[in-house]
Amino acid sequence: PVVYAAFLRRVPVVLHESDLSPGLANRLCLPFCRRICAAFPETLDHLPRAKALLTGAPVREELLRGNREAGLRRLGFKVGKPVLLAMGGSTGSTALNAAVRKALPRLSPRFQVVHLCGRGFLDSELGDRPGYRQYEFLHGELSDALAAADFVVTRGGANALFEFLALRKPCLIVPLPLLASRGDQIQNAESFARRGLAKMLRQEELTADSLLTHLADLERDAGELRRNMEVSELSHGNERVLKVIEAFGGEPSPPAPLPP
């Protein structure tokens, strides 16, 4: 409704598509916009060429201002042992939670683990386990926790992936399966894996053993992943999106009939 109203009022509209394939809302709004910013190069194939620009995705600035030392202190972790952040998205992930906890006895010698497990998914039996901290979610403390993390296990939501890209955090992505989504997280994860920006493990193959194997690969290739992230064309989304918006600042849209 806001986009349609802006069109009728001749206010320029700039859209952003964070996933690899455009969602329904953006598809409905495409005829009424001046530009649509794409986070993934593959997205350009699904958009009108005259309107589409590759920008990457904007990232919350506060997440880039975390302090590693403060994060380690808050978590009660020691300096010198790698920190693994495991998170299953805003609502948590039963499958990811189960795999991480089953693998804990073998993860603990290698990592200190901070686990964002989602509302209602805390495990009271693990509350005092050394080197393991579990939270339903983090708010103001999130930036410091991210700064403290050396490696990440995450779902394939675009916002999270671009945040970890901006922070140069080597990730193992476990995307939502097709039965639980439209497949956008799988597409996002495959794109990042093809570009050497992350590793991918399908949920259908997720077990404690496969998690440990893929984390070993993530550790081994961490240097290469970070180098790829440093030079990625998908970084700096904030600057690029802002330039697109500023280009239309104060410029009215030309009169146009409503699309059919």
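## Helices α6 and α7

Two helices count as roughly parallel when the angle between them is under 35 degrees. In this predicted model, α6 and α7 pack at an angle of about 25°, and they are therefore roughly parallel to each other. Their axes are 10 Å apart.

The contact between the two helices is made by particular residues. From α6 come A158, L161, F162 and L165, and these meet N188, A189 and F192 of α7. Sorted by class, this contact has six nonpolar residues, one polar residue and no charged residues.

## The surroundings of α6

How many of the 10 residues of α6 are buried? The helix spans residues 158–167, and eight of its residues are buried, which leaves α6 mostly covered. The buried residues are A158, A160, L161, F162, E163, F164, L165 and L167.

Several elements cover these buried residues. Among them are the strands β4 (83–87), β7 (151–154) and β8 (171–173). The helices α5 (142–148), α7 (184–194) and α9 (222–231) also take part in the covering.

## Two residues with positive phi

Most residues other than glycine have a negative phi. R168 has a positive phi, near 60°, and is not a glycine. R168 follows α6 and lies in the loop between α6 and β8. Is R168 buried or exposed? A residue is buried when its relative accessible area is under 20%; R168 has a value of 17%, so R168 is buried.

H236 is another residue that is not a glycine and has a positive phi, here about 65°. H236 is found in the loop between α9 and α10 (237–247). The relative accessibility of H236 is 45%, so H236 counts as partly exposed.

## A sheet of three strands

Strands of a sheet pair through backbone hydrogen bonds, either parallel or antiparallel. One sheet in this model is open and has three strands in the order β1-β2-β3, with parallel pairing. The strands β1 (14–17) and β3 (52–54) stand at the edges. Each of these edge strands has a single partner strand, so one side of each is left without a neighbour in the sheet. From one strand to the next, the twist averages 25°.

The pairing of β1 with β2 can be followed in more detail. Strand β2 covers residues 35–38, and β1 and β2 pair in the parallel sense over four bridges. Which residue of β2 is the bridge partner of L15? The partner is I36.

## Aromatic pairs

A search of the whole structure finds six aromatic pairs. One of them is formed by Y4 and F32, whose ring centres are 4.6 Å apart, with 55° between the planes. The pair is classed as tilted. Why does the pair of Y4 and F32 tie together parts that are apart in sequence? Y4 lies in helix α1 (residues 2–8), whereas F32 lies in the loop between α2 (24–29) and β2, so the pair ties together parts that are 28 residues apart in sequence.

The two residues of this pair are covered to unlike extents. Y4 is partly exposed, with a relative accessible area of 34%. F32 is buried, with a relative accessible area of 14%. Ring pairs also bring in F7, linking Y4, F7 and F32 into a cluster.

Note on methods: Residues numbered from 1 in each chain as written. Predicted model: local features only at pLDDT ≥ 70, side-chain atom pairs only at ≥ 80, totals over all residues. Heavy atoms only, no water. Buried < 20%, exposed > 50% of the residue type's maximum accessible area, 1.4 Å probe, protein only. Contact = heavy atoms within 4.5 Å. Axes fitted to C-alpha atoms, helices over the stretch in contact; angles between N-to-C directions. Parallel < 35°, antiparallel > 145°, perpendicular 65-115°, else oblique. Nonpolar A, V, L, I, M, F, W, Y, C, P; charged D, E, K, R; others polar. Pairing = 2+ DSSP bridges. Phe/Tyr/Trp six-rings, centres within 6.5 Å; stacked < 30°, edge-to-face > 60°.
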